[in-house]
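The exercises below are each followed by a worked solution. Please look over the sequence and the structure before starting.

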Amino acid sequence: MWTLTLDTATPYLSLGLFRGEEGVGRMVRLGRRHEEALFGLLDELLGEVGVEREEIGTLVLGEGPGSYTGLRIALAAGMGIALAHGARVFGVSSLLAASWPHLEEDGPPLKALFTARNGLYYGATYARREGKPLVLEAPRKLKAQEISRLQGSHLLLDAPPDPRALYELLPFAREGVEPLYL
């Protein structure tokens, strides 16, 4: 069975299809047009890998934080696919999925930030220890002034959630989804 990964919490549509080391992922900057491209890109990935939708047994969905509409697109599409094919659904923080490829084992913590509206940011701080994600600061809303005081911190600004990272984080994911609206 294959695992479909999907995140639309940011201006990027992050979509992937994986099984073990096999698979392919895409990150496409769409602004607020995720719904226009989602199923066309999914069909492209399925064709590229040579897989039918019925072979999707697991979905890993980005739970945010992010825009209300952006989160709803991934969650509604993902839950619909899961319901249609009897697949299991897991949720992962979108900030963690953006951070994961940049976290080094026993390396310094990384504060991931997504730009929100009105001079606000969504942020969380993570580290990687013993191959596992460590949440040092849970996702929260930050003001721009708070960001400027983070001098010396390792910052990751507006990196898209990585499709392969969503897949790699599956062992640490929670079954079901709980969108994070901040």
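**Exercise 1.** Which residue follows helix 2, and what is the sign of its phi?

Solution. Glycine 86 comes after helix 2, and its phi is positive, near 65°. Helices (H or I, at least four residues) and strands (E, at least two) are DSSP runs, numbered from the N terminus. The model is predicted: local features need pLDDT of at least 70, side-chain atom pairs count only at pLDDT 80 or more, and totals for chains, interfaces and linings use all residues. Residues are numbered from 1 along each chain as its sequence is written, and side-chain values use heavy atoms, with hydrogens and water left out.

**Exercise 2.** Describe the span of helix 2 and the packing of its buried residues.

Solution. Step 1: helix 2 has 18 residues and reaches 26 Å from its first C-alpha to its last. This is close to the expected 26 Å, where the expected span is 1.5 Å times one less than the number of residues.

Step 2: list the buried residues (buried means under 20% relative accessible area, exposed over 50%, partly exposed in between, with a 1.4 Å probe and protein chains only). In helix 2 they are Gly70, Leu71, Ile73, Ala74, Leu75, Ala77, Gly78, Ile81 and Ala82.

Step 3: find what they pack against. The buried residues of helix 2 pack against strand 1 (2–7), helix 1 (34–49), strand 4 and strand 5 (88–92), where contact means heavy atoms within 4.5 Å.

**Exercise 3.** Find the salt bridges of arginine 174 and state how exposed each partner is.

Solution. Step 1: apply the rule, a side-chain nitrogen of Lys or Arg within 4 Å of a carboxyl oxygen of Asp or Glu. The count under this rule is nine salt bridges.

Step 2: arginine 174 meets glutamate 63 in a salt bridge, at 2.6 Å from N to O. Arginine 174 lies in strand 10 (residues 174–175) and glutamate 63 in the loop between strand 4 (56–62) and helix 2 (68–85), so the pair links distant parts of the chain, 111 residues apart.

Step 3: arginine 174 also forms a salt bridge with glutamate 178, the closest N and O atoms being 3.6 Å apart. Shared partners join Glu63, Arg174 and Glu178 into one network.

Step 4: glutamate 63 counts as buried at 7% relative accessibility, arginine 174 is partly exposed at 37%, and glutamate 178 is exposed at 51%.
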